[in-house]
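Me: I've got this one open on my screen and would like a close look at a single part of it. Could you pick a spot and talk me through how the pieces there sit against each other?

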Amino acid sequence: MKRRTALLAALLATAGAIAHAQDNPLRIVVGYAPGGATDKVARIVGEKLQAKLGTTVIVENKTGAGGRLAAQQVKAAKPGDNVLMVGNPAVMVVAPLVFKDNGYDAERDFVPVSHVNDYEFGLAVASAVPVRELSHLLAWLRANPNQANFGVPATGSLPHFFALMTGDKAGVKAQVIGYRGSGPLLADLLGGQVPVALDTLDGLIPQHEAGKLRILAGSGAKRSPAAPNVPTFKEAGLDLVATGFNAFFAPATMPPAKVQQYAEAIREVMRDPDTQRKFADAKMTPVVSTQAQTAAMLKAYRAQWGPVVQKSGYQP
């Protein structure tokens, strides 16, 4: 009888825990459409968190305004809400500098939780273009300045400002052409409507491997393991290094103990070899980071990119 009572109590406790997890799931808000790099990050980490925390995890895609709508939604969370946001430089660094009424304060309204991956940028041309080295392309652009059109996946994105940095370093006045995502950008690159594309390296690699475009340089400090045949900008002759990031953020209303719980859980998830393999398969560099390291990383990004954005005079 005692065993039956103990078993019944255990079953009831388990059922109660499951019900609580279902009633109060962890929502991970992504400001971009399903299938993109930020969405992939949320789903890889979310799946692992669900198993680790025993909590239902829901990835919610709140698209619009370059990720700012998602930030506005998470900012408005109540203290008891279980919600995190996957943020990138466009939302946490660039938007606060260029929008007068951003709808949120990136430093006041959010708490850094965990930096989970870095990504690089690549400069590419269509394979039909008879250019195989960055130096040759830049020489051609200097000779044909009216052709110095750099396509990027979105205006106001980090590739936008990296294109301007590239033009400055190369002595070319870059004309930036913004698209509604990588798909339309690559379609126009392959169709010859734009001569050069600057996008995240992970987005360019599949077409590069298929022989449809040629990546002339990557923006990392060293060659990407996902594209070892692609030289860095430094190796190609331009002294440029730049990366982007994805990190988890909590609303400032979340109790510090809960923020710490999520930070430790995500850190453990990112240590998992299977998680690291999934990031590598997605052509992204996984990062294991503490809250303090995440905050320091964010501060460094703001110091690096703030002057670039302000110098550009970019107005949405």
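Reply: Sure, let's start with strand S5. S5 and strand S7 (residues 196-200) run in the parallel sense and pair over two bridges. If you want a spot to click on, glycine 151 sits opposite alanine 197 in S7. Bear in mind as we go that this is a predicted model.

S5 itself covers residues 149-152, and it also pairs with strand S6 (residues 175-178), again in the parallel sense, this time over four bridges. Here the pair to look for is valine 152, which stands opposite glycine 178 in S6. Between those strands comes a helix: S5, helix H6 (residues 158-170) and S6 together make up a β-α-β unit, and its hand is right-handed.

Now over to some helix packing, with H2, H10 and H11. Take H2 (residues 37-53) and H10 (residues 256-271) to begin with: their axes come within 10 Å and cross at roughly 115 degrees. Because of that angle, H2 counts as roughly perpendicular to H10. The crossing of H2 past H10 is right-handed. On the H2 side, the contact uses Val45, Lys48, Leu49, Lys52 and Leu53, while H10 brings Gln261, Tyr262, Ala265, Ile266, Glu268, Val269 and Met270. Sorted by class, the contact of H2 with H10 has eight nonpolar residues, one polar and three charged.

Follow H10 on to helix H11 (residues 273-281), and you find the two packed at an angle of about 75 degrees, with their axes 5 Å apart. So H10 is roughly perpendicular to H11. From H10, Val269, Met270 and Arg271 meet Pro273, Thr275, Gln276 and Phe279 in H11. The tally for the contact of H10 with H11 is four nonpolar, two polar and one charged.

That leaves H2 against H11. The axes of H2 and H11 come within 11 Å, crossing at roughly 165 degrees. An angle over 145 counts as roughly antiparallel, and H2 and H11 are therefore roughly antiparallel to each other. The crossing of H2 and H11 is right-handed. H2 puts in Val41, Ile44, Val45, Glu47 and Lys48, and these meet Asp274, Thr275, Lys278 and Phe279 of H11. By class, the contact of H2 with H11 comes to four nonpolar, one polar and four charged residues.

If you'd like residues to zoom in on, try Val45 and Lys48 of H2: they are part of the contact with H10 and also part of the contact with H11. Over on H10, Val269 and Met270 are among the residues touching H2, and they meet H11 as well. On H11, Thr275 and Phe279 take part in the contact with H10 and in the one with H2.

Notes: Residues numbered from 1 in each chain as written. Predicted model: local features only at pLDDT ≥ 70, side-chain atom pairs only at ≥ 80, totals over all residues. Heavy atoms only, no water. Axes fitted to C-alpha atoms, helices over the stretch in contact; angles between N-to-C directions. Parallel < 35°, antiparallel > 145°, perpendicular 65-115°, else oblique. Left-handed = near helix turned anticlockwise from the far one by under 90°. Contact = heavy atoms within 4.5 Å. Nonpolar A, V, L, I, M, F, W, Y, C, P; charged D, E, K, R; others polar. Pairing = 2+ DSSP bridges. Right-handed = clockwise from strand over helix to strand, strands pointing away.
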